[in-house]
Amino acid sequence: MRYSSYFLPTQKELPSDAEVISHQLMLRAGMIRKLTSGVYTYLPMGLRSLKKVEKIIREEMDRAGAIELLMPAVQPAELWQESGRWDYYGKELLRLKDRHNRDACFGPTHEEVITDLVRREIKSYKQLPINFYQIQTKFRDEIRPRFGLMRGREFIMKDAYSFDADEAGAAESYGRMHKAYSRIFERCGLAFRAVEADTGTIGGSFSHEFMVLADTGEDQVISCTSCQYAANLEKAEVSPVSNPAADPALSPLKEVATPDVRTIEEVAAFLSLPPGRLVKTMIFIADGSPLAALVRGDHEINLAKLKTFIGAQSIEMAPPAAIEDVTGAPVGFAGPLGLKIRTVADNALRYMANYVTGGNRKDCHLINVNHGRDYSLNEFGDMRIITPDDSCPRCGAEIEFKRGIEVGHIFKLGTKYSMAMKASFLDDRGRELPFIMGCYGIGVGRTLASAIEQNHDEKGIVFPLPLAPFQVVLLPLQMHDSHVVETSEGIYRDLASRGVEVIMDDRDERPGVKFNDADLVGIPLRVTVGAKSLKSGRIELKARREENGSLLDISDAASGIIEKLSSLNDPLK
Ligand code: ATP
Ligand code: MG
């Protein structure tokens, strides 16, 4: 490619609305342009890199036995009504109406469409297992689209759906995708971890998120410093406290007046106690009934864990009126004594003694509260968010908190969609059974943005070779010097004919401009043809990642360049 006949609009200025480095660099390096909030045009350079990510994904999905197809972007509402998600999905679903006033949506994901296809086409266990994938544009009307391609509204996703006849088969399909995903992100040159994620009602370790480690990540990754355990913040298990050696002496229960003192911080300050001596009583509505959940004052409730613990389909904070109704007091004074609703507690409460709770009366708290003596508490479980003070739930070693970007997600769906949509097959004994499904997503644009988030320096992008839009950037430094131009043209032709992806900066620009643009755009290998070194028959070769370049004899330039390239190559090929 020749720069002069290409479209590579670089810019020096820092874009004002780009907060993270990958977004800034993709704009500055002429890879993307914003059309409207969360919606981008992929410029030629950006598109070339996206295609590289897609190619790696395709190769590994094909290797894992998945079959590519392409489903429609616009989906009829009927399918979503059948699965029950038309009402449930909320405002992220972009809803449309056609000329006949029929409801439809722009697909944010494709479980319904693939389940509909499979229930029509696949009838027998002999056709199983099967795994279909596509690479396609999705739309999700995100509340806060941001960080460029990281969280767009319109974005490209690879999504795959597996169908199995039994649990063992489904576990195998899941394992194959786990392996394929690891290869994909490794081949993209990313530092990542596969972490356990919440499976909701499905249970087991059948959901993993693939997290690229980066300080700007929106997710928290918890990992053990000693064993392989890793999970996201929501899923990370907390080990129960062990029994303290001696039973503490129980002090007499007392009421204290706490006028207008409501929050944990206010009560702790008012009583001059650390928040860890307090117990929060939180009122929820679970499947329509009120529920009290108790956690230590310095801990945070984890709604996903609570929901799983109590086995509820839905759970939400109770509105103030319901709290007053249940506790008999205004918000801020709830406590477990005298409550007539199901009350559950986090494991950390099991051996707590002489703690502070609300008094279920306005302006009143209780001190020296003890369960067993003052009220009964029988349901303990893990229902809080892990903290840096906790240890690894598997081996007890120290844990680390890191930030991550979720680039991929694999999930066992079980029979959720096949039951709702009556998708079944006949097994070897002629019984009709629902398919056991799995779904597997990768954000293509998010993967590219994450690669840039992990690979850049103060001058610009430092592309890992497998994702670079071009492998080599060729810089003739003096466009008025015929020797420079002819030599460059010769190298350009040689490289192109040997299948190297090369872009030649043939603009009539100062060397400094060409060097800066080459660094900004981040092509892995730079070849410089300058009048001075050419006099001694040499050109300069420099990897973007390396500090210093080296000189190469022009007599066999193309071979030298190709050799250097192969030293920078794809880790798994
Ligand atoms: P998130 O928690 O980041 O919203 P999600 O759980 O909604 O992600 P999935 O439904 O599992 O994501 O989608 C599969 C993959 O698609 C994600 O792992 C991510 O890489 C990508 N993805 C999801 N939402 C977006 C988005 N708004 N912009 C870009 N990529 C996205
Ligand atoms: Mg989401």
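A residue counts as exposed when its relative accessible area is over 50%. Lys422 has 69% and is therefore exposed. The model described here is predicted. This briefing covers the surroundings of ligand 1, where 15 residues form the shell, and then three backbone features in loops, among them a cis peptide bond between Leu128 and Pro129.

**Shell around ligand 1**

- Of the 15 residues that surround ligand 1, the closest are Glu142, Arg151, Gly152, Glu406 and Val407.
- Sorted by class, the shell holds 5 nonpolar, 5 polar and 5 charged residues.
- Strand 8 (154-164), strand 21 (399-414) and strand 24 (436-443) each contribute at least two residues to this shell.
- Strand 21 gives the largest share, with 4 residues.

**Polar contacts and burial of ligand 1**

- The side chain of Glu142 has an N or O atom 2.8 Å from a nitrogen atom of ligand 1; Glu142 is also listed with the closest residues of the shell.
- Met150 approaches a nitrogen atom of ligand 1 through its backbone, where an N or O atom lies at 3.4 Å.
- On Arg446, a polar side-chain atom is 3.0 Å from an oxygen atom of ligand 1.
- The protein buries 81% of the 580 Å² that ligand 1 exposes when taken alone.

**Cis peptide bond**

- The peptide bond that runs from Leu128 to Pro129 is cis, and its omega is near -5 degrees.
- Pro129 sits in the loop that links helix 5 (111-121) to strand 7 (130-139).

**Positive phi at Asn101**

- Asn101 is a residue other than glycine with a positive phi, near 70 degrees.
- The loop between strand 5 (94-97) and strand 6 (103-106) contains Asn101.
- Asn101 is classed as exposed because its relative accessibility is 55%, and the cut-off is over 50%.

**Positive phi at Lys422**

- Lys422, also not a glycine, has a positive phi near 50 degrees.
- Its place in the chain is the loop between helix 10 (416-420) and strand 22 (424-426).
- With a relative accessible area of 69%, Lys422 meets the definition given at the start and so counts as exposed.

How values were computed
Residues are numbered from 1 along each chain as its sequence is written. Chains are lettered from A and ligands numbered from 1 in the order in which they are written. This is a predicted model: local features need pLDDT of at least 70, side-chain atom pairs count only at pLDDT 80 or more; totals for chains, interfaces and linings use all residues. Side-chain values use heavy atoms; hydrogens and water are left out. A residue is near a molecule or strand if one of its heavy atoms lies within 4 Å of it. A polar contact is a pair of N or O atoms within 3.5 Å; within protein, one must be able to donate a hydrogen and the other to accept it, and residues adjacent in sequence count only if both atoms are side-chain atoms. Accessible areas come from the Shrake-Rupley method with a 1.4 Å probe; for residues, only the protein chains shown count as cover. Ala, Val, Leu, Ile, Met, Phe, Trp, Tyr, Cys and Pro count as nonpolar, Asp, Glu, Lys and Arg as charged, and the others, Gly among them, as polar. Buried means under 20% relative accessible area, exposed over 50%, partly exposed in between (1.4 Å probe, protein chains only).
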